[in-house]
Amino acid sequence: MDLQFVGIDPNTQGNGSPTVWVDADMQEIVVQGWKVDEDLSAKISETEWVPGHEAGIPEHETVVRIPLRMVPILREACDVAERRAGIR
């Protein structure tokens with residue numbers, strides 16, 4: 001696994017924080033974030049976001065929250081991922 005650290009929540013207090021990596025081998029962006037509460041999970045699970053697409057969160061997937069202050073880190077992760085994949 002070729003995992004490259006991109007960034008961590010700039011407001012981290014050292015007790016686990018939203019973090020972003022790029023996995024070059026899998027060509028994926030990996031995100032660690034806060035667990036969503038039951039209300040948000042239910043809202044996401046009950047809504048058909050794309051017509052004809054099954055509603056719900058599949059067992060092999062999860063939903064996490066990350067703060068908007070991490071947008072620059074996510075942009076950087078996208079750039080890193082594209083460079084590593086030879087897209088740019």
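Let's start with a pair of strands: S2 (residues 19-23) and S3 (residues 28-32) run antiparallel and are joined by five bridges. Keep in mind as you look around that this is a predicted model. The two strands form a hairpin with four residues between them, and in that turn Gln27 has a positive phi of about 55 degrees. To see how the hairpin is matched up, find Val20, whose bridge partner in S3 is Val31.

Both of these valines lead somewhere else in the fold. Follow Val31 first. Together with Ile29 and Val64, Val31 makes a nonpolar surface patch of about 190 Å². Val64 belongs to strand S5 (residues 64-65), so the patch brings in a residue from S5. How exposed is Val64? Its relative accessible area is 34%, which makes Val64 partly exposed, because that value lies between the 20% limit for buried and the 50% limit for exposed.

Now return to Val20 and follow it the other way, to Val6. Val6 is found in strand S1 (residues 3-8). Which residues does Val6 touch once its neighbours within four places in sequence are left aside? The contacts are Val20, Trp21, Val22, Ile73, Glu76 and Ala77. Val20, Trp21 and Val22 lie within the residue range of S2. Leu74 is also worth finding: Val6 and Leu74 are 68 residues apart in sequence, yet their C-alpha atoms are 8.3 Å apart in space. With a relative accessible area of 11%, Val6 counts as buried, because the value is under 20%.

With those local views in hand, step back to the whole chain. It has two helices and five strands, and from the N terminus on the elements run β-β-β-β-α-β-α. The radius of gyration is 15 Å, well over the 12 Å that the globule rule gives for 88 residues, so the chain is more spread out than a compact globule. Along the principal axes, the C-alpha atoms fill a box of roughly 35 × 35 × 20 Å.

A few totals round off the picture. Of the 88 residues, 20% count as buried, and Val6 is a buried residue. The accessible surface comes to about 6,600 Å², with 51% of it belonging to carbon and sulfur atoms. Finally, among contacts between residues at least 6 apart in sequence, 48% join residues at least 24 apart.

Methods:
Residues are numbered from 1 along each chain as its sequence is written. This is a predicted model: local features need pLDDT of at least 70, side-chain atom pairs count only at pLDDT 80 or more; totals for chains, interfaces and linings use all residues. Side-chain values use heavy atoms; hydrogens and water are left out. Buried means under 20% relative accessible area, exposed over 50%, partly exposed in between (1.4 Å probe, protein chains only). Contact means heavy atoms within 4.5 Å. Two strands pair if DSSP finds at least two bridges between them. Patches are made of residues with over 30% relative accessible area and no salt bridge: like charges are joined within 9 Å, nonpolar side chains (Val, Leu, Ile, Met, Phe, Trp, Tyr) within 5 Å. Accessible areas come from the Shrake-Rupley method with a 1.4 Å probe; for residues, only the protein chains shown count as cover. A salt bridge is a side-chain nitrogen of Lys or Arg within 4 Å of a carboxyl oxygen of Asp or Glu. The radius of gyration is taken over C-alpha atoms; the globule rule is 2.2 Å times the number of residues to the power 0.38.
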